[in-house]
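Q: Can you walk me through this one? I have the structure open and don't know where to start.

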Amino acid sequence: MCGSIRPLEIKYIRMKNRYLVEGPITPLLISELMTLGNSDSSAGAVSIFIGRVRDDEVNGRRVSAIEYSAYDDMAGKEAEEIVKTVQAAFSDVRMVVIVHSTGVVRAGEASLFIMVTSGHRDHSTRACRHTLEMVKERLPIWKKELF
Amino acid sequence: MSARVRVLYFGAAQEIAGKADEELTAADTASLRRVILDRYPAMRNISFRMALNRTLLKDESDLNDNDLIAILPPFQGG
């Protein structure tokens, strides 16, 4: 259950749980997330992926926003598993942060934030990409295009 | 033995069912799948997997009263 998942230590944004936030991932949230792990001064590499909503054309209509829905409990459980898997696969990784939006996110706004810190660049960059692929494959999240 | 389970619908499955959840009766996940396809024939047009008590099912499983089943169309996060 999500209740057992430890929340992220951030002050200014209220999240649904450690991994989900209602609405877009704002610049304020991104800047707060980027401070996580700052106390670990042996982590010299930080890799970040930010996914944004594209204004794709679908059947002649331009997407103005995407409404995301999630199976919150299972998403929290799966995200915990992804973090454990990545940490086991990349020994130099210190921290893995995954945040996904639910609800309405407008075109141009961010809906996914992944940050991986490690001692050196090789593991942070590879682990960040690996985390992204697992998020797309395993998180129970759905989208509905709004026009 | 049939079990009374709670079924959660997500994504396109929720739009087809017209509801987020309901209680259904079935002995196992294979028969529950048939019950759902009979109730909502349009579900045949989408693919979906099932989760049992928040864990993705890899094989069919027997059901117990109060089990939580989720109907999961292909994930679209990211």
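A: Start with one term. Buried means under 20% relative accessible area, and exposed means over 50%. Also, this is a predicted model.

Q: Okay. Is A:D92 buried or exposed?
A: A:D92 has a relative accessible area of 18%, so A:D92 counts as buried.

Q: Where is A:D92 found?
A: In the loop between α2 and β6 of chain A.

Q: What does the side chain of A:D92 reach?
A: One partner is the backbone nitrogen of A:H120, at 2.8 Å. Another is the backbone nitrogen of A:G119, which lies 3.2 Å from a polar atom of that side chain.

Q: And which residues does A:D92 touch, leaving out those up to four places away in sequence?
A: A:T117, A:S118, A:G119, A:H120 and A:H123.

Q: Let's go to the core. How many residues has the largest nonpolar core?
A: It has 28 residues. Those with the most contacts inside it are A:I82, A:V86, A:V96, A:I98, A:I114, A:V116 and A:V135.

Q: Which elements give two or more residues to this core?
A: In chain A, these are β5 (65-70), α2 (72-89), β6 (93-106), β7 (110-118) and α3 (121-138).

Q: Pick A:I82. What does A:I82 touch?
A: Not counting residues up to four places away in sequence, A:I82 touches A:I98, A:T131, A:M134, A:V135, A:R138 and A:L139.

Q: What about a second core?
A: There is a separate one of 19 residues, including B:V7, B:A13, B:L24 and B:I36.

Q: B:I36 is in a helix, right? Which residues of helix α2 of chain B are buried?
A: B:I36 is one of them. The others in that helix, residues 29-39, are B:T29, B:S31, B:L32 and B:L37.

Q: What covers the buried residues of α2(B)?
A: The cover includes four strands of chain B: β1 (3-9), β2 (21-26), β3 (49-52) and β5 (68-72).

Q: Which residue caps the N-terminal end of α2(B)?
A: B:D28 does. A side-chain oxygen of B:D28 lies 3.3 Å from the backbone nitrogen of B:A30.

Q: New topic. How many residues of chain A are in contact with chain B?
A: 20 residues of chain A, against 18 residues of chain B.

Q: How much area do chain A and chain B bury between them?
A: About 1,500 Å², with 58% of it on carbon and sulfur atoms. On chain A's part, A:Y71, A:M74 and A:W142 supply 42% of the area buried against chain B, more than any other three residues.

Q: How many salt bridges does the rule find across the interface?
A: Two. In one of these, the side chains of A:D73 and B:R54 meet at 3.2 Å, N to O.

Q: And how many residue pairs are in polar contact between the chains?
A: 10, with both residues at pLDDT 80 or more.

Q: Which element gives the largest share of the side of chain A that touches chain B?
A: β8(A), with four residues. That whole side divides into 10 nonpolar, three polar and seven charged residues.

Q: Last one. Which residue of chain A has a positive phi although it is not a glycine?
A: A:N59, at about 50°. A:N59 lies in the loop between β3 (57-58) and β4 (61-62) of chain A. At 77% relative accessibility, A:N59 is exposed.

Q: What about chain B?
A: B:N66 has a positive phi of about 70° and is not a glycine. B:N66 is in the loop between β4 (55-56) and β5 of chain B. B:N66 is exposed too, at 71% relative accessibility.

Key:
Residues numbered from 1 in each chain as written. Chains lettered and ligands numbered in written order. Heavy atoms only, no water. Core = buried A, V, L, I, M, F, W, Y, C linked by side-chain atoms within 4.5 Å. Buried < 20%, exposed > 50% of the residue type's maximum accessible area, 1.4 Å probe, protein only. Contact = heavy atoms within 4.5 Å. Buried area = accessible area lost by both parts, 1.4 Å probe. Salt bridge = Lys/Arg side-chain N within 4 Å of Asp/Glu carboxyl O. Polar contact = N/O pair within 3.5 Å; in protein donor to acceptor, adjacent residues only side chain to side chain. Nonpolar A, V, L, I, M, F, W, Y, C, P; charged D, E, K, R; others polar.
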